[in-house]
Amino acid sequence: MEIIIFSSEKEVFEEASSRVVGWIQKKPNAVLGLATGKTMLGIYKNLIARHQKGRVDFSAARTVNLDEYLGMDPEDPLSFHSYMFQHFFRHVNLKRENILIPDPLPDDVEGECEAYEKAIRDRGGVDVQLLGIGRDGHIGFNEPSSSLQARTRVKTLTDETLKDNFGSRKGPRFAITMGIGTIMDAREIILVALGTEKAKAVSSMVEGPVSASCPASVLQLHPKVKVILDTRAAHLLERKDYYVWVWEHKKEAVKPHLLSRRKK
Ligand code: GLP
C-alpha cells in the first residue's frame, strides 16, 4: 500500500484526480470504477474543472459504479444514479452508453448481479477503481462480515451506514454492490479518506489485520493501492512519519542517481 498524506483536502483531490487522468492519457478508453459519497465530490469537481479547461477528454472512457440502493427509483435525488449525473456525468463528455450503474429495480436481482459482473468482464475489467471508506471500514457497500472474495450481490446496510448516508436509520436497507472480489480485480485502486471520523477505519485498514471485520483491510493484499488521506484521517496511523518520509523521497527510489548526489 502506498500511503499519501496531505495537509489540505485540495491536495488530496488533486492527487486522486491526477491518477485518474493519468489512466485516460495512457488509455483513452480506460474503465474507471467510480464511487459516491461526500469524499468523492471534490475529486469529481477537480475532474470537471480539468475537462472544462480541455485537459481531459472522457469521450472514449467507460465507467462502472460500485453500488446502488436496491428498490430506489433512479430518479430519486438520493439515488446514486442521481448523484453521479448531478455531480459528474452531466458536466463531462462521457457517452451515455459507456456508463454503467447497477439497476436498482431489476426484475431478477440475482440475474442483474451476474449481468453486472459480466458487463465488467466484457469491458476488460476495471483499470482504476476509486474508493471511499465507511466509518465501519466498508468499501462499496461491503459491510463488516462481508466475504472477502464475494462478487456483485445484495448487501444489507448497517444502522451506522444508514445514519451516515441518510441522517437516520430510515432509508433503503439493501443495496446492490460490487463484491470485494470484484473490487480486488481492478488494476489499480485509489482509496480516499478525509476527516477525523474516518481515522479509526483508516488505521484498521492500513495497520490492522486483514479481516472481514474491516472489509477495507483486504486492500493490503492488492499489489497497487494508493491510500490518499488528509492529516485528520491519518492521525491514528502509528507509522505516519514513515509514510510521509517515503512519499517525500519517492523520486530517489525511482531515480537512484539522486541518492548518490544527496550523499555528497
Ligand atoms: C457510502 C458508499 C461508499 C462510500 C461511503 C463513504 O456508503 N457506498 O462507497 O465510500 O459511503 O461516504 P462519504 O464519503 O460520504 O463518507
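Colleague: Before we get to Arg-187, what does "partly exposed" stand for here?
Modeller: Buried is under 20% relative accessible area and exposed is over 50%, so partly exposed is what falls in between. Keep in mind that this is a predicted model. Arg-187 has a relative accessible area of 39%, which makes this residue partly exposed.

Colleague: Which residue forms a salt bridge with Arg-187, and how far apart are the closest N and O atoms?
Modeller: Side chains of opposite charge can pair when their charged atoms come close. For Arg-187 the partner is Asp-127, and their closest N and O atoms are 2.7 Å apart.

Colleague: How many residues apart in sequence are the parts that this pair ties together?
Modeller: Asp-127 sits in the loop between α4 and β6. Arg-187 belongs to the loop between α6 (180-184) and β9 (188-193). The pair therefore ties together parts whose separation in sequence is 60 residues.

Colleague: Is Asp-127 buried or exposed?
Modeller: Its relative accessible area comes to 0%. The cut-off for burial is under 20%, so Asp-127 is buried.

Colleague: What about Arg-151: which side chain does it meet in a salt bridge, and where does that partner lie?
Modeller: Arg-151 pairs with Glu-117 at 3.0 Å, N to O. Arg-151 is in the loop between β6 (128-131) and β7 (153-156), so the pair ties together parts that are 34 residues apart in sequence. At 35% relative accessibility Arg-151 is partly exposed, while Glu-117 is buried at 8%. As for where Glu-117 lies, that's helix α4 (residues 109-122).

Colleague: And Asp-230, which residue forms a salt bridge with it?
Modeller: Asp-230 is buried, at 2% relative accessibility. Its partner is partly exposed at 40%, and the closest N and O atoms of the pair are 2.9 Å apart. That partner is Arg-232.

Colleague: How many salt bridges does a search of the whole structure find?
Modeller: Besides the pairs we've gone through, there's a network linking Glu-2, Glu-15, Arg-19, Glu-188, Lys-224, Lys-226 and Lys-250. For the whole structure, the search gives 18.

Colleague: Over to the nonpolar side: which helix gives the most to the largest nonpolar core?
Modeller: This core has 71 residues, and Phe-58, Phe-88, Met-205 and Leu-229 touch the most other members. The top contributor gives seven residues, and that's helix α1 (residues 9-26).

Colleague: Leaving aside neighbours within four places in sequence, which residues is Phe-58 in contact with?
Modeller: Phe-58 is one of the core members that touch the most others. With those sequence neighbours set aside, its contacts are Ile-24, Leu-32, Leu-47, His-51, Phe-88, Val-92, Asn-93 and Leu-94.

Definitions and conventions. Residues numbered from 1 in each chain as written. Predicted model: local features only at pLDDT ≥ 70, side-chain atom pairs only at ≥ 80, totals over all residues. Heavy atoms only, no water. Salt bridge = Lys/Arg side-chain N within 4 Å of Asp/Glu carboxyl O. Helix = DSSP H or I, 4+ residues; strand = E, 2+ residues; numbered from the N terminus. Buried < 20%, exposed > 50% of the residue type's maximum accessible area, 1.4 Å probe, protein only. Core = buried A, V, L, I, M, F, W, Y, C linked by side-chain atoms within 4.5 Å. Contact = heavy atoms within 4.5 Å.
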